[in-house]
Each structure stands twice: as C-alpha cells, then as structure tokens.
Amino acid sequence: MPILLTKLALAPAFVVLVSLAVRRFGPRIGGLFGGLPVVAGPILFIYALDHGEAFAAEAATNSLVALVALTAFVVTVAR
C-alpha cells in the first residue's frame with residue numbers, strides 16, 4: 001500500500017513544485033525546473049522496488065537516452 005500511495009503522490013508533487021517555482025521565480029526558472037530530469041530518479045526507485053534491480057537498470061539506461069530528446073525540446077523552447 002505505501003508504494004501505491006508513493007506512486008500516486010509522486011507526479012502531482014512535482015507538478016505542484018514546478019507550479020510554485022513559476023509563481024515565485026517566473027516562467028523562465030519554472031521552465032528550467034520543469035525540464036530537469038529530477039522526476040526520473042524517484043520513479044526509477046519505485047521501479048526497483050516493484051520490478052527488481054535489472055528492470056530498473058534498463059529503465060535508467062533508457063531514460064538517459066531519452067534525455068537527449070528532452071534537452072533538444074527544452075533548448076528549442078528556450079530559444
């Protein structure tokens with residue numbers, strides 16, 4: 001049950017934090033926080049708890065590859 005609650009609370013918590021950053025520091029800093037890959041760490045931790053270390057390691061590798069696309073998107077939007 002605690003893992004389910006963590007899963008349900010994780011994404012909304014990051015959305016709230018980014019929204020608060022936008023209000024406090026403006027859209028540029030909020031966009032920077034929203035574009036950072038900080039969301040992946042806790043999600044990969046949950047994967048490791050649910051599916052084991054091998055699955056989490058593969059997911060971590062794939063998320064690093066996906067960061068290339070995310071970086072391109074964030075740089076494009078910033079320009």
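Trainee: How much accessible surface does the chain have, and what share of that belongs to carbon and sulfur atoms?

Mentor: Keep in mind that this is a predicted model. The accessible surface of the chain comes to about 6,100 Å², and 73% of that belongs to carbon and sulfur atoms. As for burial, 11% of the 79 residues count as buried.

Trainee: Okay, and which helices and strands should I look for in the chain?

Mentor: You'll find four helices and zero strands, so to speak an α-α-α-α pattern as you read along the sequence. The C-alpha trace spans about 40 × 30 × 10 Å along its principal axes.

Trainee: What span should helix H3 have, at 1.5 Å a residue?

Mentor: Try the ruler on residues 40-51. Those twelve residues of H3 should span 16 Å, and the end C-alpha atoms are 16 Å apart, which agrees. Just after H3 comes Gly52, with a positive phi of about 100°.

Trainee: And how far apart are the end C-alpha atoms of helix H4?

Mentor: They are 36 Å apart, while the 26 residues of H4 (residues 53-78) should span 38 Å at 1.5 Å a residue, so the two agree. Look along H4 for a bend, too: about 25° at Ala66.

Trainee: Which residues make the nonpolar surface patch?

Mentor: A general idea helps here: an α-helix has 3.6 residues a turn, so residues three or four places apart point the same way. In this chain, the patch covers about 820 Å² and is made by Phe25, Ile29, Leu32, Phe33, Leu36, Val38, Val39, Ile43, Tyr47 and Phe55. Helix H2 (27-35) and H3 each supply at least two of the patch residues, with the largest share, three residues, coming from H2.

Trainee: Where does Leu36 lie, and why does Leu36 count as partly exposed?

Mentor: Leu36 lies in the loop between H2 and H3. Partly exposed means a relative accessible area between the 20% and 50% cut-offs. Leu36 has 36% relative accessibility, so that's where this residue falls.

Trainee: How many aromatic pairs does the structure hold?

Mentor: One aromatic pair. Tyr47 and Phe55 form that pair, and the arrangement is edge-to-face, with 5.5 Å centre to centre and 80° between the planes. In general, a pair of aromatic rings is described by the distance of the centres and the angle of the planes.

Trainee: Are Tyr47 and Phe55 buried or exposed?

Mentor: In between! Tyr47 counts as partly exposed because its relative accessibility is 33%, and Phe55 is partly exposed too, with a relative accessible area of 41%. Both residues also belong to the nonpolar patch.

Notes
Residues numbered from 1 in each chain as written. Predicted model: local features only at pLDDT ≥ 70, side-chain atom pairs only at ≥ 80, totals over all residues. Heavy atoms only, no water. Expected span 1.5 Å × (residues − 1). Patch = residues over 30% accessible without salt bridge, like charges linked within 9 Å, V, L, I, M, F, W, Y side chains within 5 Å. Areas by Shrake-Rupley, 256 points an atom, 1.4 Å probe, with all protein chains shown as cover. Salt bridge = Lys/Arg side-chain N within 4 Å of Asp/Glu carboxyl O. Buried < 20%, exposed > 50% of the residue type's maximum accessible area, 1.4 Å probe, protein only. Bend = angle between axes of the 7 residues up to and from the residue. Phe/Tyr/Trp six-rings, centres within 6.5 Å; stacked < 30°, edge-to-face > 60°.
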